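Biologist: I would love a close look at one part of this model, with its surroundings filled in as you go. Could you pick a good place to start and take me through it?

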Amino acid sequence: MAKVALISLYDTVALGLRYLSASLKEAGHEVTVIYLKQYEVLMREDLPDEGAIDEVNYGLCSRGEIVYCYPRLVSEPEHKGLVALLKEKNVDVVGISLTSKFINTARQVTEWVKDEVGAPVIWGGIEPTINPEEDINYTDYLCRGEGDHAIVEFVEALTSGGDVTSIPNIWARVDGTVHKNEFRPLIQDLDTLPFPDFTPDNKYEISNDGVWPRVDRDCWDDFLFSSSRGCPYKCTFCIHNVMHDFFKGQRYVRRHSVDYTLEILKRAKEEYKVTKIHFWDDIFSIHKEWLKVFLPRYKEEIGLPYWCYVYPQQCDKSICKLLADAGDVEVRMGVQSGSEKVLEDQYGRRAPREMVLEAANNLTEAGIEYQIDIITNNPLEEEEDCIATLELLLDMPRPVRIGSDTLSYMSFFPNYDMTNMYEAVKDSRPLNEKRYGFYNRLFLLAQYRSPEFIRKLHRSSYFRNHPEKLQYFFPGQAPMAVQLLQRTIPQGFRDKAKDALTPVLSG
Ligand code: B12
Ligand code: SF4
């Protein structure tokens, strides 16, 4: 039996890590899960004095102010706590799960673990999957793609003195030579995987200068699960853009069976105090035949409110009816831009404006509340593209809501087509901050004000020159305060603090 620690960086949802933990436990190994730091959403006045070592994301929140998704530095007490915990657990190997934004924290943690704990480290997750040539300089081992089987083989080979240089999905730097193994085939039958690990056993959160045991249910307040892996599309700003090419010729979109999915939800409902299900499937509304079986049974056997992502193409009237009939549902639909040119030439999206409008109408007619995702601050856009997005928002059935209370700014991740497109012209295309200062506020205001009023604001040269003054038209809500309270309290404290927070959260 090996002792393995899995570290999740700035992510307490960590579905991938939960699958790995379950596979390792099933194979008889001892697993400690550590959520290192929370990803905080802060207003400017709350930003810490010290800089972050990883990328800070910006966004514009629904009350029109800039918010920062901030990866706060790992403090000295947290660093010491991490090392002490790993020593106390006497770990044989440490896995770090990371997305591309957290590469510097991963490098720092890797050094601490190697130098101060003396354990080998393996990186896994989206970042090493798409950027292994760079990442192998910072870690001796990394895993590309699905880790469920690869991690078990790797841990067993490493701890028994076996060969770690020829395991599919694993890259290994041994005696100065990098062994780059091929991808193993995708797991086609997801039901062969054990249920992802949501138990609070042997799980810790390191944040707020301390090491906190996870108590109650080890997750956010909603229960989060994805019934599928993969997406049929290849939008140029999204991970699937790169992944499709890795797995050509294989069935890329796979889904758990209805029985498996319901069983895990039933357990969650029985064992934990779950009040809502959050489906993280990239597109929950694909596979109409699956939905036809799953959703009526979901209503009957689970019966909880639920949330999911839909894509305009999979949002016809019959799908909307199925979604609505299953109970209290909220959906988020990717729209991204209202400009046909941007959708086609830049994003590679197969969801033109008319399809988006039809999907939104179908959702509304079915009585489903919908939110949309828009990507903004894309330096490759022109003013006419911003106008097209604004016009689309104004034409959508009301109420229209922008997801997560913030507008997402375009991010450029390694090796995505969108990044390559941008890199080629970057020097001649600085972001027009002023233009976006104006349009971003109008996009957000389109949620609350009438189309006529927004068009008037749009025509005003005063607001174009003083976009921050548009602030006055936002409703005086404080969504960020709510998010802050929910997200930044260590889970060990959350229950105790709940009573105190309730009035604030409901206000
Ligand atoms: C759900 C989701 C979220 C949720 C939950 C996160 C979670 N990890 O579950 C929330 C809302 C919290 C979230 C937040 C963010 N997300 Co997100 N998210 C996703 C989404 C849609 C699904 C992730 C998922 O559950 N996959 C299913 C599991 C089973 O797969 P997996 O995580 O890849 O894990 C497998 C392997 O990677 C591997 N593996 C993973 N970890 C490890 C570790 C070891 C040691 C090993 C050996 C293997 C291994 O094995 C796992 C099982 O097979 C993906 C898109 C996607 N389809 O991947 C985007 C995605 C991961 N998110 C992304 C981004 C940008 C973000 C944010 C930065 C957004 C923001 N601006 O705030 C934050 C950052 C969060 C963080 N700390 O990393 C990007 C990352 C891009 C990149 N190149 O880094 C993605 C890929 C979408 C995209 N645009 O391409 N996200
Ligand atoms: S539809 Fe969504 S999940 Fe699928 S490739 Fe496009 S952005 Fe990614």
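Modeller: Happily; what follows is a close look at helix H10 and then at what surrounds it. Please keep in mind that this is a predicted model, in which local features need pLDDT of at least 70 and side-chain atom pairs count only at pLDDT 80 or more, while totals for chains, interfaces and linings use all residues. Residues are numbered from 1 along each chain as its sequence is written, and chains are lettered from A and ligands numbered from 1 in the order in which they are written.

H10 spans residues 317-325, and its buried residues are Ile319, Cys320 and Leu323. Helices (H or I, at least four residues) and strands (E, at least two) are DSSP runs, numbered from the N terminus. Buried residues have 20 or more other C-beta atoms within 10 Å of their own, exposed ones 12 or fewer, and partly exposed ones fall in between, with C-beta atoms placed from the backbone. The three buried residues lie on the same side of H10, because they cover an arc of only 100° around the axis; the arc is that of the directions from the helix axis to the C-beta atoms. They pack against helix H9 (288-301), strand E18 (329-336) and helix H12 (353-365). After H10 comes Gly327, with a positive phi near 125°.

Leu323 deserves a second look. Beyond its neighbours within four places in sequence, Leu323 is in contact with Ser285, Leu295, Val329, Val331, Ala366 and Ile368; a contact means C-beta atoms, placed from the backbone, within 7 Å. Leu323 is also, with Leu363 and Phe443, among those that touch the most other members of the largest nonpolar core, which has 77 residues. Helix H15 (residues 433-445) gives the most to this core, with 7 residues. Another core, of 50 residues, lies apart from it and includes Leu6, Ala106, Val164 and Tyr204. Such a core is a set of buried Ala, Val, Leu, Ile, Met, Phe, Trp, Tyr and Cys residues joined through C-beta atoms within 7 Å.

Now to Ile302, in the loop between H9 and strand E17 (306-310). Ile302 counts as partly exposed because it has 19 C-beta neighbours inside 10 Å. Not counting residues up to four places away in sequence, Ile302 touches Leu262, Leu265, Lys266, Lys269 and Ile277. Its C-alpha atom is separated by 9.9 Å from that of Lys276, 26 residues apart along the chain.

Stepping back, the protein chain is divided into domain 1 (3-37 + 74-192), domain 2 (219-431) and domain 3 (449-507), with bounds from an automatic or database domain assignment. The centres of domain 1 and domain 2, taken over C-alpha atoms, are 29 Å apart, and 13 residues of domain 1 are in contact with 20 residues of domain 2.

Finally, the ligands. Residues around a ligand are those whose C-beta atom, placed from the backbone, lies within 6 Å of it. Ligand 1 has 39 such residues, with Gly16, Gly95, Ser97, Gly124 and Gly147 coming nearest. Its shell draws at least three residues from each of domain 1 and domain 2, and helix H1 gives the most, with 5 residues. The residues around ligand 2 include Cys231, Cys235, Cys238, His240 and Tyr311.

How values were computed: Two residues are in contact if their C-beta atoms, placed from the backbone, lie within 7 Å.
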